[in-house]
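User: I'd like to go through this model with you, one question at a time. Can you keep it informal and show me how you get to each answer?

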Amino acid sequence: MSGVTLTTTALSAYGRIARVILAEKGVSCELDFIEFSDLPDKSYAQKHPFHKVPVLFHNDLHLYETAAIGRYIDEAFEGPALQPTSPVERAHMEKWISIANQYLYPRMIGDLVWQRLVVPLQGGEANEEQVAGSLDEIKSQVALMEAELSDGREYITGTFSLADAFLGPILFFTAMTPEGQEIVTSNDKVAAWLDRVTKRDSWEATQ
């Protein structure tokens, strides 16, 4: 056994990112699934001081923040490297991880996916103004990815990297909404990239 435990929620995009990275490296782990309603609990601050997921435990290591978790998994375990060796391509990867965290996630997941998918699951009604207000930015973000893939590369850094692991779940959940599906499918290269990502063994292993 690897001695790895990952605490997450079943529908967390960031939890899925960490799980995909573990699967890409061939690392087995114990999944500690919690509910969204558990996150505000004061006792959960012992795991994550900002009440987020995922949280990784590996032997004596207690680690939170998905970017740190992803880099640790890639460097601590055997398996295919998920970070380019070229300084240029590594910088390119870091750029897209930052874009995913700072710009894509807030609009795609925080606005669109949350209102379209999560709020109805909780018995509420979507905030249509919030959904509508996110769409122009999401269109621009997907168009930026389309341009990035215009040179024929299969993945963001050429070969599958941490950048693709971060972008995959965010775009996948986005495409589960009617608006997101229309935006993604209207960008052929992004749609083909997402198809490649979701056909990888790591994706199947984390369904």
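**Strands, loops and a pocket**

Analyst: Glutamate 65 lies in the loop between β4 (61-64) and α2. Keep in mind that this is a predicted model.

User: What is the sign of phi at glutamate 65, and what is its value?
Analyst: Most residues other than glycine have a negative phi, and most peptide bonds are trans. Glutamate 65 isn't a glycine, yet its phi is positive, at about 85°.

User: Is glutamate 65 buried, exposed or partly exposed?
Analyst: Buried means under 20% relative accessible area and exposed means over 50%. Glutamate 65 comes in at 43% relative accessibility, so the class is partly exposed.

User: Which strand pairs with β3 in the antiparallel sense over four bridges, and which of its residues is the bridge partner of phenylalanine 57?
Analyst: The strand that pairs with β3 this way is β4. The two strands form a hairpin with two residues between them, and asparagine 59 in that hairpin takes a positive phi near 55°. As for phenylalanine 57, its bridge partner in β4 is histidine 62.

User: How does β1 sit between its neighbours, and which of β2 and β3 runs parallel to it?
Analyst: Four bridges join β1 to β3 (residues 55-58), and that pair runs antiparallel. Along it, threonine 7 stands opposite valine 55, and threonine 5 has phenylalanine 57 as its bridge partner. Five bridges join β1 to a strand at residues 30-34, with threonine 8 opposite phenylalanine 33. The parallel one is β2.

User: What is the handedness of the unit made by β1, α1 and β2?
Analyst: Here the chain makes a β-α-β unit out of β1, α1 and β2. Its handedness is right-handed.

User: Why is β1 described as largely enclosed, and how many of its residues are buried?
Analyst: Look at both faces of the strand: Val4, Leu6 and Thr8 on one side are buried, and so are Thr5, Thr7 and Thr9 on the other. β1 (residues 4-9) is largely enclosed by the rest of the structure because the buried count is six of six.

User: Which residue in the loop between β2 and β3 has a positive phi although it is not a glycine?
Analyst: The residue sits in the loop between β2 and β3, and its phi is about 60°. With a relative accessible area of 25%, it counts as partly exposed. It is histidine 51.

User: Where is the cis peptide bond, and what is its omega?
Analyst: Proline 54 has its place in the loop between β2 and β3. The cis bond joins valine 53 and proline 54, with omega at about 5°.

User: What is the volume of the largest pocket, and which residues lie nearest its centre?
Analyst: The volume is about 670 Å³. The lining has 27 residues. Those nearest the centre are Ser12, Tyr14, Lys52, Val53 and Tyr105.

User: Which element gives the most to the lining of the largest pocket?
Analyst: The elements that give two or more residues are α1 (13-25), α2 (66-76), α3 (87-121) and α5 (162-174). At least three residues come from each of domain 1 (4-76) and domain 2 (87-205). The most come from one helix, with nine residues: α3.

User: How many nonpolar residues are in the lining of the largest pocket?
Analyst: Split by class, the lining has six polar and two charged residues. The nonpolar count is 19.

Note on methods: Residues are numbered from 1 along each chain as its sequence is written. This is a predicted model: local features need pLDDT of at least 70, side-chain atom pairs count only at pLDDT 80 or more; totals for chains, interfaces and linings use all residues. Side-chain values use heavy atoms; hydrogens and water are left out. On a 1 Å grid over the protein atoms alone, a cavity is a set of points where a 1.4 Å probe fits but cannot get out, and a pocket is an open set with protein on both sides within 12 Å along at least five of seven lines; lining residues have an atom within 4 Å of a point. Grid points are joined across faces, edges and corners, and a volume is the space filled by probe spheres set on the points. Ala, Val, Leu, Ile, Met, Phe, Trp, Tyr, Cys and Pro count as nonpolar, Asp, Glu, Lys and Arg as charged, and the others, Gly among them, as polar. Domain bounds come from an automatic or database domain assignment. Buried means under 20% relative accessible area, exposed over 50%, partly exposed in between (1.4 Å probe, protein chains only). Two strands pair if DSSP finds at least two bridges between them. A crossover is right-handed if, with the strands pointing away from the viewer, the path from the first strand over the helix to the second runs clockwise.
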